[in-house]
Amino acid sequence: MQNWTATVHGEHAEQEVLRVERLLELNHVEYTHVEEENPDTVRVELTPPGGGDPIVVNGFRPGELTAHLKLNTYTAQDSYDLVVIGSGPAGMSAALNAKTLFGWSTLIVEDNAPGGSAGTALNPINNYLGIPAGTRALDLAHTWMGQINAAGVEWLPGYRATGITRTEDPRKTGTKDSSLYPVHRITARKTHGEESVTLHAGMVLITAGLKPNRLGCAGEEQYLGRGVYYGTLPTDIARARKEGVIGIVGAGDTASVAAILLAEEKAKDPARKGEVVMFIRGKFGKDTVPANVDRVRECVDRHLITLHEGSEVFRCTGNDKKLTGVEFGPTGHPERGRPLDLSALFVLTGGVADTQWLDGIGLQIVTDEDVRQRRYRKAGAVITGGTDNRLGSLTSTGVDAVFAAGDVREGAVRRISAAVGEGSAASLDMNAYLVNGGTWREAIKEDTPLHRYYEATAPRA
Ligand SMILES: Cc1cc2nc3c(=O)[nH]c(=O)nc-3n(C[C@H](O)[C@H](O)[C@H](O)COP(=O)(O)OP(=O)(O)OC[C@H]3O[C@@H](n4cnc5c(N)ncnc54)[C@H](O)[C@@H]3O)c2cc1C
């Protein structure tokens, strides 16, 4: 897929420039930077795929930038057959199947950038059958985006879904565009701004993944995106590497692999600045696969990684522009905190399903009490047929025409390949819902291609 390219003009360390560059990378746009001493502004020249006159965007305007980049941006249809919340592998896979197999008009709402968690990760994928080992997750996400665009799925990038309600009488709404009567009203608000839109959909698929865990310490919010990160986006890593020591919080496989990759680069080129420091609340090794434990220990022996076991970060410190260090010390003892200079801190401690906004449509969500009673594993996760056999198929939620797939689901495997599989299963579950649910005649508008299709394929009594 040919891509947009960009030139970013502005002073390199300026906050606006950093934001623009992250956004471009998240949207798979190759960019070069032109250093200009003009601290108040950033100017982006976007060149379309195949060349042509560049489009100039002044300032950090995420909506304007992403609107230019995507082929199939939101066309404000009256209603869609399917609205997918979240464009990680689960959402993209479901949307691709929904559009290409069944022809449903499909819109994806995405808060951040296409690709989901995978799209923000430096690590190579080595466990996905058929994908060459070493493929970057970011590049995989780029391929998905091309497939989605080619299929004709629409995007609403830079918007966060904030609520879903049911339409009282879908047949009376009079909306066009979709073959299904719109049963759901979805509100979505601009990620960076106040503007909001209302969408209508016949079916809704929730593939909102996990929200990264935060440290919850002083200074974290202040330096978010300016030294404190929750993914390992190559732009952020490259910038941090030029400047000094990189801190990683966490001891799971994601944190360990990030530390190993950075340490190995340093080993190849000792002139590279900085080392890697890992902050681990308990003992290292119990949350990591043995092969990664051995590789981290080997890097420690070669002085490429420093492990601070039994320690936590109490404060992020910096100048006004960016993070310059942390205070850390023995777990639970902030009074014994000591300073350490760092160029960046990557917080890689997993995440939780952020589903509070789904209150009100009757989904079953795992509570803290469920976890205490060991009924379910992850508070906030959506319970589906995969964990409760009364709800039927893997991705059905028990709520009419609402489905959930991927990491947001209780019992999810939390792997890219699994999310891709669940997305595809969701499209088949939704099709089965229309065919077998006994409701399809009420759900589908007459005289539409979808109606003719289901009339031909529905089981006869
Ligand atoms: C740093 C990192 C490294 C990883 N490495 C690997 C690996 O090597 N191999 C592997 O198999 N797996 C890996 N994983 C796990 C894998 O990425 C996830 O299991 C997978 O991405 C889950 O897919 P998903 O579609 O369910 O959710 P996600 O990929 O998390 O996507 C969810 C999307 O929904 C969006 N969203 C959330 N809420 C809203 C809302 N209200 N409105 C609109 N949009 C919303 C988010 O912005 C996000 O883009 C890694 C994860 C991380 C974080």
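This note walks through some features of a predicted model, one point at a time.

1. A good place to start is strand β6, which covers residues 106–110. Five of its five residues are buried, so the strand is largely enclosed by the rest of the structure. In a regular strand the side chains alternate between the two faces of the sheet. You can follow that pattern here: T106, I108 and E110 point one way from β6, while L107 and V109 point the other way. Whichever way they point, all of these residues are buried.

2. Which strands pair with β6? One is β5 (residues 80–85), which runs parallel to β6 and is joined to it by four bridges. To find this pairing on screen, look for L82, whose bridge partner in β6 is T106. Another is β9 (residues 154–157), again paired with β6 in the parallel sense over four bridges. Here I108 is a handy marker, with W155 as its bridge partner in β9.

3. The link between β5 and β6 is worth tracing too. Helix α3, made of residues 89–102, joins with β5 and β6 in a β-α-β unit, and this unit is right-handed.

4. Next comes the ligand. How many residues surround it? There are 33, and the closest are E110, S117, A161, D407 and I416. E110 is already familiar from β6, where it is buried and points the same way as T106 and I108. S117 places a polar side-chain atom 2.7 Å from an oxygen atom of the ligand. The backbone contributes as well: a backbone N or O atom of A90 lies 2.9 Å from a ligand oxygen atom, and one of P89 lies 3.3 Å from an oxygen atom of the ligand. Both P89 and A90 fall within the residue range of helix α3, 89–102.

5. Now turn to an open sheet of four strands, in the order β2-β1-β3-β4, with mixed pairing. β2 (30–35) and β4 (55–58) stand at the edges with a single partner strand each, so one side of each has no neighbour in the sheet. From one strand to the next, the twist averages 20°. Inside this sheet, β1 (residues 5–10) and β3 (residues 43–47) run antiparallel and are joined by five bridges. T7 has E45 as its bridge partner in β3. Helix α1, residues 15–26, lies across β1, β2 and β3, and runs at about 170° to β1.

6. There is also an open sheet of five strands, ordered β14-β21-β15-β16-β17, and its pairing is parallel. Which strands stand at the edges? They are β14 (228–229) and β17 (305–309); each has a single partner strand, so one side of each is left without a neighbour in the sheet. Within the sheet, four bridges connect β15 (residues 246–249) with β16 (residues 276–280), and these two run parallel. V249 stands opposite F279 of β16.

7. The loops deserve a look as well. T167 sits in the loop between β10 (159–166) and β11 (184–190). Is T167 buried or exposed? Its relative accessibility is 8%, so it counts as buried. A polar atom of the T167 side chain lies 3.3 Å from the backbone oxygen of P182. Leaving out residues up to four places away in sequence, T167 touches T173, P182, V183, H184 and R185.

8. Further along, I383 belongs to the loop between α8 (368–372) and β23 (402–404). With 3% relative accessibility, I383 counts as buried. Residues up to four places away in sequence aside, I383 touches Q364, I365, V366, Y376, D388, L391, T397 and E410. I383 and G411 are 28 residues apart in sequence, with their C-alpha atoms 8.3 Å apart in space.

9. Finally, two backbone details are easy to miss. A401 has a positive phi of about 65° although it is not a glycine. A401 is in the loop between α8 and β23, and counts as buried at 2% relative accessibility. R414, also not a glycine, has a positive phi of about 65°. R414 lies in the loop between β23 and α9 (416–436), and is partly exposed, with a relative accessible area of 26%.

Technical notes
Residues are numbered from 1 along each chain as its sequence is written. This is a predicted model: local features need pLDDT of at least 70, side-chain atom pairs count only at pLDDT 80 or more; totals for chains, interfaces and linings use all residues. Side-chain values use heavy atoms; hydrogens and water are left out. Buried means under 20% relative accessible area, exposed over 50%, partly exposed in between (1.4 Å probe, protein chains only). Two strands pair if DSSP finds at least two bridges between them. A crossover is right-handed if, with the strands pointing away from the viewer, the path from the first strand over the helix to the second runs clockwise. Axes are lines fitted to C-alpha atoms, for helices over the stretch in contact, and angles run from 0 to 180 degrees between N-to-C directions. Contact means heavy atoms within 4.5 Å. A residue is near a molecule or strand if one of its heavy atoms lies within 4 Å of it. A polar contact is a pair of N or O atoms within 3.5 Å; within protein, one must be able to donate a hydrogen and the other to accept it, and residues adjacent in sequence count only if both atoms are side-chain atoms.
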